[in-house]
Amino acid sequence: MSTPRALVPRVDYRRLATQQGRIEGRLDLDHLDRVAAQTIDASAGASPVMVDLEFREDAQRRVHVEGDISTTLRLECQRCLNAFDHPMNVAVSGVVVGDDDAAANVPREYEPVLADGDMLDVHALVADELLLALPSVARCSRPECTAQYVDHDMPRRDEQYDERRNNPFAVLNQLKRDD
């Protein structure tokens, strides 16, 4: 098995689409500054980002980009603050557009992918997709972190007392018992 070649930074997306072209390769995390900033120690043993994107043109001459991005990122658990490996496999399904007006006309099932003129910044596309797929709160799979959070220092609430105190019909219930 041969090692995948490095991913090109920019492509002429229209030409690739007319030829139903495909780009695939690997990208080191140090080329994706925004993603590396979200990880812990991106340089030490970071898994490369594997990219496989296919370009095609539809009947309306819109350029579609579809494919997969996969990697494993080292994140910090927000509960125990330990580092853990988070595997990611992101599906890409978008329509390449040149400006915000064209992005507004993209069908709902696709994401608009903003290009710079005739060139698409592939590295920026990969970074955007990975950032969107990151969990909002990173948690490792240790049992202490996956269990329901309970703060043992807080006093327990007496739910029956709360119900009696907050029930506006408690007085009526008392009058009914007195009859």
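# Exercises on a predicted protein chain

The protein chain contains seven helices and seven strands; both are DSSP runs numbered from the N terminus, helices being H or I of at least four residues and strands E of at least two. The model is predicted, so local features need pLDDT of at least 70 and side-chain atom pairs count only at pLDDT 80 or more, while totals for chains, interfaces and linings use all residues. Residues are numbered from 1 along each chain as its sequence is written, and side-chain values use heavy atoms, with hydrogens and water left out.

## Exercise 1. The chain as a whole

Task: Give the order of helices and strands, the share of buried residues and the accessible surface of the protein chain.

Solution.
- Step 1. Along the sequence, the pattern is β-α-β-α-β-β-β-α-β-β-α-α-α-α.
- Step 2. Of the 179 residues in the protein chain, 30% are buried. Buried means under 20% relative accessible area, exposed over 50%, and partly exposed in between (1.4 Å probe, protein chains only).
- Step 3. The accessible surface comes to about 12,500 Å², and carbon and sulfur atoms account for 46% of it. The areas come from the Shrake-Rupley method with a 1.4 Å probe; for residues, only the protein chains shown count as cover.
- Step 4. Among contacts between residues at least 6 apart in sequence, 57% join residues at least 24 apart. Contact means heavy atoms within 4.5 Å.

## Exercise 2. The largest nonpolar core

Task: State how many residues the largest nonpolar core has, and which elements each supply at least two of them.

Solution.
- Step 1. A nonpolar core is a set of buried Ala, Val, Leu, Ile, Met, Phe, Trp, Tyr and Cys residues joined through side-chain atoms within 4.5 Å.
- Step 2. The largest such core has 38 residues, and those with the most contacts inside it are L32, V49, L53, F55, L120, V126 and L130.
- Step 3. At least two core residues come from each of helix 1, strand 2, helix 2 (33-36), strand 3, strand 4, strand 5 (83-97) and helix 4.
- Step 4. In soluble globular proteins, nonpolar side chains tend to be buried together.
- Step 5. Beyond four places in sequence, L120 touches P9, R10, V11, Y13, F55, V96, V113, L114, A115 and L125.

## Exercise 3. Helix 4 and its start

Task: Compare the span of helix 4 with the expected value, then describe the surroundings of H123.

Solution.
- Step 1. Helix 4 (residues 122-133) has 12 residues and reaches 17 Å from its first C-alpha to its last, close to the 16 Å expected at 1.5 Å a residue. The expected span is 1.5 Å times one less than the number of residues.
- Step 2. Its buried residues include V122, H123, L125 and V126.
- Step 3. At the helix start, a side-chain oxygen of D121 comes within 3.2 Å of the backbone nitrogen of H123. This is a polar contact: a pair of N or O atoms within 3.5 Å where, within protein, one must be able to donate a hydrogen and the other to accept it, and residues adjacent in sequence count only if both atoms are side-chain atoms.
- Step 4. H123 is buried, because its relative accessible area is 13%. A polar atom of the H123 side chain lies 3.4 Å from the backbone oxygen of L7.
- Step 5. Leaving aside neighbours within four places in sequence, H123 is in contact with L7, V8, P9, L27, H31 and L32.

## Exercise 4. Two residues with positive phi

Task: Where do Q20 and R61 lie, and what phi does each have?

Solution.
- Step 1. Q20 is in the loop between helix 1 (13-18) and strand 2 (22-27); R61 is in the loop between strand 3 (49-57) and strand 4 (63-76).
- Step 2. Phi is positive at about 50° for Q20, which is not a glycine, and at about 65° for R61, also not a glycine.
- Step 3. Most residues other than glycine have a negative phi.
- Step 4. Q20 counts as exposed because its relative accessibility is 60%.

## Exercise 5. T71 and the cysteines

Task: Is T71 buried or exposed, and how many disulfides does a search of the whole structure find?

Solution.
- Step 1. T71, found in strand 4, is buried because its relative accessible area is 5%.
- Step 2. The T71 side chain reaches the backbone oxygen of S47 at 3.2 Å.
- Step 3. The search finds zero disulfides, a disulfide being a pair of cysteine sulfur atoms within 2.5 Å.
- Step 4. C80 is partly exposed at 25% relative accessible area, whereas C140 is buried at 6%.
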